[in-house]
Every structure is written in C-alpha cells, then in structure tokens.
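Dear colleague,

Please find below the structure that I am handing over to you, followed by an account of what was found in it. I would ask you to keep the sequence and the structure in view while you read.

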Amino acid sequence: SKEISELLGCASAKLWVADHLRQVLWTCVRDGDEACTRELPIPNRRDDEDLTGCGLAVAACAEERVIACADASADRRASAATDSINGRMAKSELCVPVVQKGTVRVVLQAINKLTEPEFDIENDTRILRLLGRVSMEVLQVCENNSTQSAFAKRKDALLQLFNDFVPCQTSVQLVNAVEIGLRELFHSKTVALHSVTNRDAPLDQQGTTLMQVDEGHSRLNRRRRSSVVQQIRHNGLRGIVGSVVRSMNHYTYSYAQLSQSPHSPEVDLKVPEKGVLHTVPLVDSGGVAAVIQFVCPDRERSIVGDNGTFRPDNMQHMRLINVLLRFVQKHLAVLQSNGSDGLHHHMMRSGTMPLIRGGGIAEVESPLAKGGACRNPMTGPDDSSSSSDHEEDGFPSRTNKPPETDSPAFSDSEGDVVH
C-alpha cells in the first residue's frame, strides 16, 4: 500500500482481494503494531439500491468496472468505513478491478490525489492495473506454496485413514471413516452421509437416507470411533441435499448465505454462525448415489494461503475430496447391494484397498486381516423414521472367536484389535 501511494502520489491505497466463495472483499490493515483483517460483503445484485453505502471498492468489484470520482462524499455508493481517511471522507478516489478468466480477483483503491485535484483515469488506471497483475502473481505463488505443503500433510492423513478403516464392513465404520477423515483433512465440525434411495425411479420419486455419527455417544478421544450411527429416511429430494442430487453439482453456503439457499432444517446439517456448509455429490454412471455434507469453520483470511478449511475453488482440495468420495463409493455400493457379508467378500476376494496416486485411487494389496461376517446395517424402518446401528467402537463384536488367519492384526489407538 505504501509503495502504491508513493507511485501514484496519493494519500492512501489498499489492495482488496476478492473471495467469491464467501462473497467478500478482504484486506489487511495496520491497527497499531498489529495487522488485522477488514472484510466487505459483496452484494449478489448490482443495482443502485444494493450498492448504496457498500463502498466504492465493492461497487467496482460488483460492477466489474473502474470507478473514479472527484468527491467521494457525493457518490451514494461511498462508505465512511472504507472511503475515508482519519474520519474524513475522501475527495478524489480511484478503484480499479483486475479481472482474470472472467472473474474479479483484486481491486486496487487509491484515495486523495496529492499532486492534482483528481486522478488521471487513463494513466493512473493503467498503473493500477499493472500493479494488480503483479500482485495477483505474488498471491498465486504464496497460495501454491502454502497449498503444496498442506496437501502433503493431508495426503498422509488420508493414507492413514485408509489404513485404519479398510475394509469398512458396516455402515457404522463407513460413516466413522468419513467423519474422521473430513475432520482431520479440513477441520470439519459435523459430517453427514446421505444415500439416495429408489434410484431407479424418476427424480421426483427418489428420497434420501441420512447416516450420521451420534455425537451423544462419541468418545472424548478424537480418533476414537463412535459406536452409534443414526439413520433417518426422508421422502423426496429436499433441501440442499436434494438440490445437489438433481443438479449433480457441489454447493457451498456460509451462514450469512443460508437465507438465499434451499436449506431445510429437516434434511440438512445445522450451520453455526461462524460456519460454512459444503455439500458434495458422489456421482456414478446412474447419477448421484450419495451426498456428503459437512460444516467447516468460517475463518477470516488474514493471510494468503491455505487456512486449513475446505475450499471448493482449490484444486488440491477437490482432488482429496474425490479420492475420499471414491473410497465411500466402493464401500457403499457393496453395502447396499450385498449387505456387509458381500462387502467383506468383495474386499477379501480382491485383496485390495484404495491408495492415493496422482490424485486418484490405485488398487494395492490390503494390509488388513480378514474379518468375520456382519449383519446388514442398511435395512431400516420406512420413510421419515430413524434408527441407530450399534457396534463396539465402530467394529463388529469380538465375542466370537475370529477365524484363523495368517494376516497381521490391526490395532487402533486404544488397543482394540481387529482380525
């Protein structure tokens, strides 16, 4: 900002970064000796009524055009919070959005030209656009470096998850795997898996079955698996989950955006005030087989880079989610068609488990031992009813002696052994 001010000969300058996922412009400013983040909401519509008082930087982003004025106080779009210096409204002001691939990435704001009454729209705009393109390159490098480091850690966490949970022999294990995986990958707070029912029928006759870890039975250890999974069946495709099934697209809504979404409290997860709801479809040749929905914390962007939560506009994040989706698809399809015995037979017959390789899944020999037969956990009551599956720590009961095997046993974090 200081360099921009000196180059343009103005009293103040800011670089605003557009976060279209959260629908905000954000920048870092000095507050004494500390840096703090300032955010401005971007309106969905661009008419004058919605842009009144939003700030000239926001208006430039929303309208995707340069805004220049000789007296900011005379512009109805100006805001005292962002278009003033030391409590006094700006006189001359210039806001230049920089567009990349059809989307505004940054907005450069210059306030109060010192050498002239107002900014030179042609020359000063050219300078700000050039600085904006350079700043985008710097931002991209910072994001890539941060994302690569975080991706390596997440990939290791996902491999460990597969090692812990393959094969998932029941819905309890599968839901626990998804819940623990998303929590360790993206700090998710709540997770739900919705399987689509009656898939052979038209969309208006399909429904969903919610499977979610019962938090009331969760252990204090974050790696300990809950022994209870709630199942709730819903008629029809409702809420955000239903919209995802119909469109086969993923949707993301922050708490502030829920009022403009098809969110249904009966079907969708509850979103806290500082939360973001992500809903991702699991698509196969027949359409959407299931939907994963999870809530991540809505963290302020105080730095450029990976802040630990899921972002659908991050390709590395989507690669990891796609690997997890294929893991769920592999297990869920066998659970639904053949029951747990079929899943166990399939995994032991192929002797494989999923492994990340270049962002996809490769089949490699499973390091886990063979397990005993399990009952079918997917059968449940009719529509709009709920049930719960119980297992000791998410695994089949070990009261019966397991079959003899030469494979090594897997020990979880608290000493439970699965043969």
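In which helix is the place of Val138? Val138 belongs to helix α4, which covers residues 121-165. Please bear in mind throughout that this is a predicted model.

Val138 is partly exposed, its relative accessible area being 48%. Together with Leu130 and Val134, Val138 makes a nonpolar surface patch of about 270 Å².

**The chain as a whole**

The protein chain contains seven helices and 19 strands. It has 419 residues, and 52% of them are buried. The accessible surface amounts to about 20,200 Å², and carbon and sulfur atoms account for 48% of that surface. If one takes the contacts with a separation of 6 or more, 61% of them are between residues 24 or more positions apart.

**Salt bridges**

Side chains of opposite charge can pair when their charged atoms come close. In this model the count comes to nine salt bridges. Three of these pairs are described here.

The first pair to consider is Arg77 and Glu63, whose side chains form a salt bridge with an N to O distance of 3.2 Å. Arg77 is in the loop between β4 (67-69) and β5 (84-85), while Glu63 is in helix α3 (residues 56-63), so this salt bridge ties together parts that are 14 residues apart in sequence. Both partners are buried: Arg77 has a relative accessibility of 13%, and Glu63 has a relative accessible area of 17%.

A further salt bridge is formed by the side chains of Lys113 and Asp124, again with an N to O distance of 3.2 Å. This pair links distant parts of the chain, since Lys113 is in strand β8 (residues 103-113) and Asp124 is in helix α4, eleven residues apart. Lys113 counts as buried at 12% relative accessibility, and Asp124 counts as buried at 5%.

Glu122 and Arg126 also form a salt bridge, in which the closest N and O atoms are 3.4 Å apart. These two residues are four residues apart in helix α4, and therefore about one helical turn separates them. Glu122 is exposed, with a relative accessible area of 57%, whereas Arg126 is partly exposed at 48% relative accessibility. Elsewhere, salt bridges with shared partners join Glu63, Arg65, Asp75 and Arg77 into one network.

**The surroundings of Leu94**

Is Leu94 buried or exposed? Leu94 is buried, and its relative accessible area is 0%. Leu94 is found in strand β7, which spans residues 93-100. When residues up to four places away in sequence are not counted, Leu94 touches a number of residues, including Val66, Ile67, Ala68, Leu108, Phe119 and Leu128. Asp124, which forms the salt bridge with Lys113, is also among the residues that Leu94 touches. Leu94 and Asn112 are 18 residues apart along the chain, and their C-alpha atoms are separated by 8.6 Å.

**The surroundings of Thr252**

Thr252 is in strand β12, which consists of residues 251-254. Thr252 is buried, with a relative accessible area of 16%. Which side chain does the side chain of Thr252 join in a polar contact? The partner is His278, and the polar contact is 3.1 Å. Leaving aside neighbours within four places in sequence, Thr252 is in contact with Leu21, Gln257, Val276, Leu277, His278 and Pro312.

**Cysteines**

How many disulfides does a search of the whole structure find? The search finds zero disulfides. Why is there no bond between Cys54 and Cys61? The cysteine sulfur closest to that of Cys54 is in Cys61, and the distance is 9.8 Å, which is too far for a bond because a disulfide requires sulfur atoms within 2.5 Å. Viewed from Cys61, the closest cysteine sulfur is that of Cys54, likewise at 9.8 Å. Cys54 counts as buried at 15% relative accessibility, and Cys61 is buried with a relative accessible area of 5%.

With kind regards

Notes
Residues are numbered from 1 along each chain as its sequence is written. This is a predicted model: local features need pLDDT of at least 70, side-chain atom pairs count only at pLDDT 80 or more; totals for chains, interfaces and linings use all residues. Side-chain values use heavy atoms; hydrogens and water are left out. Buried means under 20% relative accessible area, exposed over 50%, partly exposed in between (1.4 Å probe, protein chains only). A polar contact is a pair of N or O atoms within 3.5 Å; within protein, one must be able to donate a hydrogen and the other to accept it, and residues adjacent in sequence count only if both atoms are side-chain atoms. Contact means heavy atoms within 4.5 Å. Patches are made of residues with over 30% relative accessible area and no salt bridge: like charges are joined within 9 Å, nonpolar side chains (Val, Leu, Ile, Met, Phe, Trp, Tyr) within 5 Å. Accessible areas come from the Shrake-Rupley method with a 1.4 Å probe; for residues, only the protein chains shown count as cover. A salt bridge is a side-chain nitrogen of Lys or Arg within 4 Å of a carboxyl oxygen of Asp or Glu.
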